[in-house]
Amino acid sequence: MWDQKHRTVIKLDLRWIKPLLLILFIFLYSLIPTSAFAIDERFTDSSADGLHSRQGTIVFKVKMLKDMSMDRHTHSLILSTSSDGSEMYDIFIIQNTIVARRYFSGCLLSAFSKNYDFKLGEWHGVKITWNGASTKFYIDNQEVPRYSLSMSHDLAKTIPEIRFAKSDAYDTGDLLVLGSSEITVDSADRTFELNATCPRLDELLKESPQEDYKGIRLLHFPDQVIRDKIKSFIDLLPEDFAGSIKGVLYVEDSRAPKTGEGGEANADTMTIILKGSYAGDPTVFFHEAAHIYDMKKHFAIGVSDDKSEWTAISGPTCYLKAANVDEFSKEFAEKHVQAGFLAPQGGECPFEDLAIWTGAAYDYYLKNQSMIDMLTPGNPKYSVKNKQKLDFLLQKGFISQNIYNKVSSR
Ligand SMILES: [Zn+2]
């Protein structure tokens, strides 16, 4: 997935946590494919025949049955894809925040976020409506200010359908889907849409490789220098780890998704996708490489918490805490040393924590730096988990004995 830059991985500066988490939160959730809910009793599915891209409206009502303010998981109210498969709409609740999003025009995202104060048992009206490049979101007929209209990743291919949530935390009802909208198209939105360049990573991934290096296809690199650097990175990987990676794709900044930075691990093709300006950065390359290896081995990703070997060290489940950023920032500042989290995303998700650790280990190695402070009892940076995590990286083939020895010695 597209990740934040990990350059500040050790020197923690709390000022950037808020924007980072909010972007990460809206974005990470967006990476959960609709199909992940395919056999899910939490939804009532219906046909998307009347759900039209470019112009339409979804209206329903919601009633909270439980206080969700302490529940740090996201809870979908509706997930839907237009009848032609070209647009997606979803509305979900996390803690005291309701978020609505529309994906359209290949890679654009219009997002809304608002704190709700619904009393238990009280019905409230929810409406999302769109016309061309413009989208609006209403709660109880009050317009919610838009959080952003932005470039995003390419829209995932999903099946046209409307998935309406079922939950014991809330009741929903009176779903109405219209093929029309009363809003007008804003000219600024239209201009934004016209000027947007979608990444179209699928096209780039189909290009013929410039080189096959140790079974890894190198794609779309602008010059030999950067390709050689990537090859030097590949040379550092233990054999099994390198064998999990099928390709590395370079994407020009102008074409890379704008909502994240650095890189992406593409699960369909087991390819590392690097944004041009970060392509030579080891924290990005090895971070995304770790995601690929983890996708193959399931140490942290794609397994339930109680079966995740990494979670056994790092702590429980992948909470998207950004709805209450103040609370998360405070908790993170207090606990990150003890928990062995190198960056906020690690506190969010075990699989991110694993990737961040892998990126950090290689970065330390390449910069001739030592993690010894973090591994020495009594040092302010010490946690027993730091050693457990580094040992895990060695035992599971994320790093070689040579790298382990070097970063863990003075
Ligand atoms: Zn990541």
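## Gly173 and the E7–E8–E9 strands

Gly173 counts as exposed because 10 C-beta neighbours lie inside 10 Å of this residue, and a residue is classed as exposed when that number is 12 or fewer. The structure is a predicted model, and the values below should be read in that light.

Gly173 has its place in strand E12, which covers residues 170–178. Once its neighbours within four places in sequence are left aside, Gly173 is in contact with Phe60 and Lys61. For Lys61, which lies 112 residues away from Gly173 along the chain, the separation of the two C-alpha atoms is 5.3 Å.

Elsewhere in the chain, strand E8 (residues 134–139) is joined to strand E7 (residues 123–131) by six bridges, with the two strands running antiparallel. E8 also pairs with strand E9 (residues 142–144), again in the antiparallel sense, over three bridges. Both pairings take the form of hairpins, with two residues between E7 and E8 and two residues between E8 and E9. The table sets out one bridge from each pairing together with the turn residue that has a positive phi.

| Strand pair | Bridge partners | Turn residue and phi |
|---|---|---|
| E7 and E8 | Val126 and Ile139 | Gly132, positive phi near 55° |
| E8 and E9 | Tyr138 and Glu143 | Asp140, positive phi of about 50° |

Strand E8 thus takes part in both hairpins: Ile139 in E8 is the bridge partner of Val126, whereas Tyr138 has its bridge partner, Glu143, in E9.

How values were computed. Residues are numbered from 1 along each chain as its sequence is written. This is a predicted model: local features need pLDDT of at least 70, side-chain atom pairs count only at pLDDT 80 or more; totals for chains, interfaces and linings use all residues. Helices (H or I, at least four residues) and strands (E, at least two) are DSSP runs, numbered from the N terminus. A residue is buried if 20 or more other C-beta atoms lie within 10 Å of its own, exposed if 12 or fewer, and partly exposed in between; C-beta atoms are placed from the backbone. Two residues are in contact if their C-beta atoms, placed from the backbone, lie within 7 Å. Two strands pair if DSSP finds at least two bridges between them.
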